[in-house]
Amino acid sequence: VAQDADRFALYKSISTLQDIARERGAAAAASDHDYHALVDAIPDAVISLDAQQRVVSANPAATRLLGLERGGLVGRALGPMLGHISAAALTGLLLSGFAGVGDSELELDDGRRLSFSVARLPEGRILLVLRDVTRVHHHELEMRRSRRLASAGRLASGLVQEITTPLSIVQGRVGLVRAQA
(Lines give C-alpha, C1' and ligand atoms only; values in the text may rest on other atoms or scores of the structure.)
Protein backbone atom coordinates (compact mmCIF):
# COMPACT_ATOMS: atom_id res chain seq x y z
CA VAL A 1 0.00 0.00 0.00
CA ALA A 2 2.85 2.38 0.86
CA GLN A 3 4.40 1.59 -2.49
CA ASP A 4 1.11 2.41 -4.24
CA ALA A 5 0.91 5.69 -2.33
CA ASP A 6 4.45 6.55 -3.40
CA ARG A 7 3.65 5.64 -6.97
CA PHE A 8 0.46 7.74 -6.85
CA ALA A 9 2.42 10.72 -5.44
CA LEU A 10 5.01 10.31 -8.17
CA TYR A 11 2.33 10.21 -10.89
CA LYS A 12 0.67 13.25 -9.35
CA SER A 13 3.99 15.13 -9.33
CA ILE A 14 4.64 14.16 -12.95
CA SER A 15 1.13 15.26 -13.89
CA THR A 16 1.63 18.59 -12.10
CA LEU A 17 4.98 19.11 -13.86
CA GLN A 18 3.36 18.32 -17.21
CA ASP A 19 0.60 20.84 -16.50
CA ILE A 20 3.18 23.49 -15.60
CA ALA A 21 5.19 22.70 -18.74
CA ARG A 22 2.04 22.99 -20.89
CA GLU A 23 1.14 26.33 -19.27
CA ARG A 24 4.64 27.69 -19.75
CA GLY A 25 4.71 26.40 -23.31
CA ALA A 26 1.40 28.12 -24.02
CA ALA A 27 2.68 31.33 -22.41
CA ALA A 28 5.89 31.14 -24.46
CA ALA A 29 3.88 30.54 -27.64
CA ALA A 30 1.65 33.52 -26.82
CA SER A 31 4.72 35.64 -26.12
CA ASP A 32 6.31 34.52 -29.39
CA HIS A 33 3.09 35.29 -31.23
CA ASP A 34 2.91 38.75 -29.61
CA TYR A 35 6.53 39.41 -30.56
CA HIS A 36 5.91 38.48 -34.21
CA ALA A 37 2.71 40.54 -34.30
CA LEU A 38 4.65 43.53 -32.95
CA VAL A 39 7.49 43.19 -35.45
CA ASP A 40 5.03 42.67 -38.31
CA ALA A 41 3.21 45.89 -37.35
CA ILE A 42 6.35 48.04 -37.48
CA PRO A 43 6.29 50.25 -40.61
CA ASP A 44 10.07 50.08 -41.00
CA ALA A 45 11.82 47.09 -42.55
CA VAL A 46 13.12 44.81 -39.79
CA ILE A 47 15.57 42.14 -40.96
CA SER A 48 17.36 39.58 -38.82
CA LEU A 49 20.66 38.34 -40.26
CA ASP A 50 22.91 35.47 -39.30
CA ALA A 51 26.67 35.89 -38.83
CA GLN A 52 27.19 35.41 -42.61
CA GLN A 53 24.71 38.27 -43.33
CA ARG A 54 22.03 35.93 -44.66
CA VAL A 55 18.40 36.79 -43.90
CA VAL A 56 16.96 34.72 -41.06
CA SER A 57 13.67 36.60 -40.80
CA ALA A 58 12.03 39.73 -42.16
CA ASN A 59 8.82 41.59 -41.45
CA PRO A 60 6.26 42.49 -44.16
CA ALA A 61 7.71 46.01 -44.50
CA ALA A 62 11.06 44.48 -45.47
CA THR A 63 9.46 42.35 -48.17
CA ARG A 64 7.67 45.40 -49.58
CA LEU A 65 10.80 47.54 -49.46
CA LEU A 66 12.98 44.95 -51.17
CA GLY A 67 10.23 43.80 -53.54
CA LEU A 68 10.41 40.12 -52.62
CA GLU A 69 8.13 37.59 -51.00
CA ARG A 70 8.86 36.85 -47.36
CA GLY A 71 10.01 33.33 -48.19
CA GLY A 72 12.18 34.77 -50.98
CA LEU A 73 14.20 36.74 -48.46
CA VAL A 74 14.99 34.02 -45.95
CA GLY A 75 18.36 32.37 -46.53
CA ARG A 76 19.50 34.95 -49.10
CA ALA A 77 22.55 37.15 -48.66
CA LEU A 78 21.58 40.73 -47.92
CA GLY A 79 24.19 42.40 -50.17
CA PRO A 80 22.75 41.52 -53.60
CA MET A 81 19.35 42.93 -52.57
CA LEU A 82 20.82 46.38 -52.01
CA GLY A 83 22.41 48.75 -54.50
CA HIS A 84 25.97 47.75 -55.46
CA ILE A 85 27.75 50.60 -53.62
CA SER A 86 25.38 50.50 -50.65
CA ALA A 87 25.82 46.74 -50.31
CA ALA A 88 29.59 47.10 -50.15
CA ALA A 89 29.40 49.94 -47.61
CA LEU A 90 26.89 48.16 -45.36
CA THR A 91 28.76 44.86 -45.57
CA GLY A 92 31.94 46.63 -44.51
CA LEU A 93 30.18 48.25 -41.55
CA LEU A 94 28.63 44.97 -40.45
CA LEU A 95 31.96 43.12 -40.73
CA SER A 96 33.63 45.84 -38.65
CA GLY A 97 31.22 45.19 -35.78
CA PHE A 98 29.28 48.41 -36.21
CA ALA A 99 26.16 48.84 -34.09
CA GLY A 100 23.96 51.92 -33.85
CA VAL A 101 22.32 54.39 -36.21
CA GLY A 102 24.05 54.85 -39.55
CA ASP A 103 25.13 58.43 -40.24
CA SER A 104 24.79 58.04 -43.99
CA GLU A 105 22.10 56.67 -46.26
CA LEU A 106 22.00 53.59 -48.43
CA GLU A 107 20.79 53.92 -52.01
CA LEU A 108 19.01 51.11 -53.81
CA ASP A 109 19.53 50.54 -57.53
CA ASP A 110 16.13 52.13 -58.23
CA GLY A 111 17.23 55.39 -56.53
CA ARG A 112 15.34 54.97 -53.25
CA ARG A 113 17.28 56.12 -50.21
CA LEU A 114 17.29 54.26 -46.90
CA SER A 115 18.39 55.19 -43.42
CA PHE A 116 19.52 52.27 -41.29
CA SER A 117 20.32 51.14 -37.79
CA VAL A 118 22.08 48.01 -36.61
CA ALA A 119 21.77 46.07 -33.35
CA ARG A 120 23.96 43.13 -32.40
CA LEU A 121 22.18 40.03 -31.09
CA PRO A 122 23.51 36.90 -29.36
CA GLU A 123 25.22 34.21 -31.43
CA GLY A 124 26.55 36.72 -33.96
CA ARG A 125 23.11 37.60 -35.28
CA ILE A 126 22.36 41.11 -36.50
CA LEU A 127 19.14 43.10 -36.40
CA LEU A 128 18.94 45.59 -39.26
CA VAL A 129 16.22 48.24 -39.44
CA LEU A 130 15.77 50.09 -42.74
CA ARG A 131 13.57 53.15 -43.33
CA ASP A 132 12.71 54.54 -46.76
CA VAL A 133 13.65 58.23 -46.57
CA THR A 134 13.33 58.93 -50.30
CA ARG A 135 10.43 61.37 -49.85
CA VAL A 136 12.21 63.15 -47.00
CA HIS A 137 15.30 63.44 -49.19
CA HIS A 138 13.24 64.91 -52.05
CA HIS A 139 11.57 67.37 -49.66
CA GLU A 140 14.98 68.46 -48.37
CA LEU A 141 16.18 69.03 -51.94
CA GLU A 142 13.05 71.07 -52.69
CA MET A 143 13.59 73.14 -49.53
CA ARG A 144 17.19 73.88 -50.54
CA ARG A 145 16.04 74.83 -54.03
CA SER A 146 13.32 77.09 -52.60
CA ARG A 147 15.84 78.76 -50.30
CA ARG A 148 18.21 79.39 -53.22
CA LEU A 149 15.36 80.86 -55.26
CA ALA A 150 14.30 83.04 -52.32
CA SER A 151 17.89 84.27 -51.94
CA ALA A 152 18.08 85.03 -55.67
CA GLY A 153 14.77 86.91 -55.39
CA ARG A 154 16.04 89.01 -52.49
CA LEU A 155 19.24 89.76 -54.44
CA ALA A 156 17.24 90.77 -57.52
CA SER A 157 14.99 92.97 -55.38
CA GLY A 158 18.03 94.70 -53.87
CA LEU A 159 19.55 95.24 -57.35
CA VAL A 160 16.30 96.74 -58.62
CA GLN A 161 16.29 99.09 -55.62
CA GLU A 162 19.92 100.07 -56.25
CA ILE A 163 19.27 100.76 -59.95
CA THR A 164 15.87 102.45 -59.48
CA THR A 165 17.07 105.09 -57.01
CA PRO A 166 19.80 106.63 -59.25
CA LEU A 167 17.49 106.39 -62.30
CA SER A 168 14.80 108.31 -60.42
CA ILE A 169 17.29 111.04 -59.62
CA VAL A 170 18.46 111.25 -63.25
CA GLN A 171 14.87 111.27 -64.48
CA GLY A 172 14.01 114.06 -62.05
CA ARG A 173 16.95 116.19 -63.20
CA VAL A 174 16.15 115.63 -66.87
CA GLY A 175 12.62 116.77 -66.16
CA LEU A 176 14.01 119.88 -64.42
CA VAL A 177 16.31 120.69 -67.35
CA ARG A 178 13.39 120.35 -69.79
CA ALA A 179 11.27 122.61 -67.67
CA GLN A 180 13.99 125.30 -67.66
CA ALA A 181 14.59 125.07 -71.41
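User: How much surface does the protein chain expose, and what percentage of it do carbon and sulfur atoms supply?
Analyst: Keep in mind that we're looking at a predicted model here. The protein chain exposes about 12,800 Å². Of that area, the share supplied by carbon and sulfur atoms is 60%.

User: What percentage of the residues of the protein chain count as buried?
Analyst: The cut-off for buried is under 20% relative accessible area. With 181 residues in the protein chain, the portion that counts as buried is 22%.

User: In what order do the elements of the protein chain run from the N terminus on?
Analyst: There are five helices and six strands to place. Starting at the N terminus, the order reads α-β-β-α-α-α-β-β-β-β-α.

User: Among contacts between residues at least 6 apart in sequence, what percentage join residues at least 24 apart?
Analyst: Contact here takes heavy atoms within 4.5 Å. Taking the contacts of the protein chain between residues at least 6 apart in sequence, those joining residues at least 24 apart make up 34%.

User: Which strands pair with E1?
Analyst: E1 covers residues 45-49, and five antiparallel bridges tie it to residues 126-132, which is E6. Three more antiparallel links go to residues 55-58, which is E2. Isoleucine 47 shows both pairings, standing opposite leucine 128 on one strand and opposite alanine 58 on the other. So the names you want, with five bridges and three bridges, are E6 and E2.

User: Is E1 largely enclosed or exposed?
Analyst: Ala45, Ile47 and Leu49 point one way from the strand, Val46 and Ser48 point the other way, and all of these are buried. That makes five of the five residues of E1 buried, so the strand is largely enclosed by the rest of the structure.

User: Which residue in the turn of the E1 and E2 hairpin has a positive phi?
Analyst: E1 and E2 have five residues between them in this hairpin. The phi in question is about 65 degrees, and the residue that takes it is glutamine 53.

User: And in the hairpin of E5 and E6, which residue takes a positive phi?
Analyst: E5 spans residues 113-120 and pairs with E6 in the antiparallel sense over seven bridges. One of the partnerships puts alanine 119 with leucine 127 of E6. Five residues sit between these strands, and the one with phi near 65 degrees is glutamate 123.

User: Within what arc do the buried residues of H4 fall, seen down its axis?
Analyst: H4 has Ser86, Ala87, Leu90 and Leu94 as buried residues. They line one face of the helix, because seen down the axis they fall within an arc of 100 degrees.

User: Which exposed residues sit on the face of H4 turned away from the buried side?
Analyst: The cover over the buried residues of H4 includes E1, E4, E5 and E6. Turn to the face pointing away from that buried side, and the exposed residues are His84, Ile85, Ala88 and Leu95.

User: What does H4 reach from its first C-alpha to its last?
Analyst: H4 has twelve residues, from 84 to 95. At 1.5 Å a residue you'd expect 16 Å, and the helix comes close to that, reaching 17 Å.

User: Which glycine follows H4 with a positive phi?
Analyst: The phi to look for is near 90 degrees. It belongs to glycine 97.

User: Is aspartate 44 buried or exposed?
Analyst: Aspartate 44 sits in the loop between H1 and E1. Leaving aside neighbours within four places in sequence, its contacts are Asn59, Ala61, Val129, Leu130 and Arg131. Its relative accessible area is 14%, and the cut-off is under 20%, so aspartate 44 counts as buried.

User: Which residue has its backbone nitrogen 2.8 Å from a polar atom of the side chain of threonine 134?
Analyst: Threonine 134 lies in H5, residues 134-180, and is buried at a relative accessible area of 13%. Not counting residues up to four places away in sequence, threonine 134 touches Arg112 and Arg113. For one of these, 21 residues away along the chain, the C-alpha separation from threonine 134 is 4.8 Å. The backbone nitrogen at 2.8 Å belongs to arginine 113.

User: With which side chain does the side chain of threonine 134 make a polar contact?
Analyst: A polar contact needs N or O atoms within 3.5 Å. For the side chain of threonine 134 the distance is 2.6 Å, and the partner is the side chain of aspartate 132.

Key:
Residues are numbered from 1 along each chain as its sequence is written. This is a predicted model: local features need pLDDT of at least 70, side-chain atom pairs count only at pLDDT 80 or more; totals for chains, interfaces and linings use all residues. Side-chain values use heavy atoms; hydrogens and water are left out. Helices (H or I, at least four residues) and strands (E, at least two) are DSSP runs, numbered from the N terminus. Buried means under 20% relative accessible area, exposed over 50%, partly exposed in between (1.4 Å probe, protein chains only). Accessible areas come from the Shrake-Rupley method with a 1.4 Å probe; for residues, only the protein chains shown count as cover. A polar contact is a pair of N or O atoms within 3.5 Å; within protein, one must be able to donate a hydrogen and the other to accept it, and residues adjacent in sequence count only if both atoms are side-chain atoms. Two strands pair if DSSP finds at least two bridges between them. The expected span of a helix is 1.5 Å times one less than its number of residues. The arc is that of the directions from the helix axis to the C-beta atoms.
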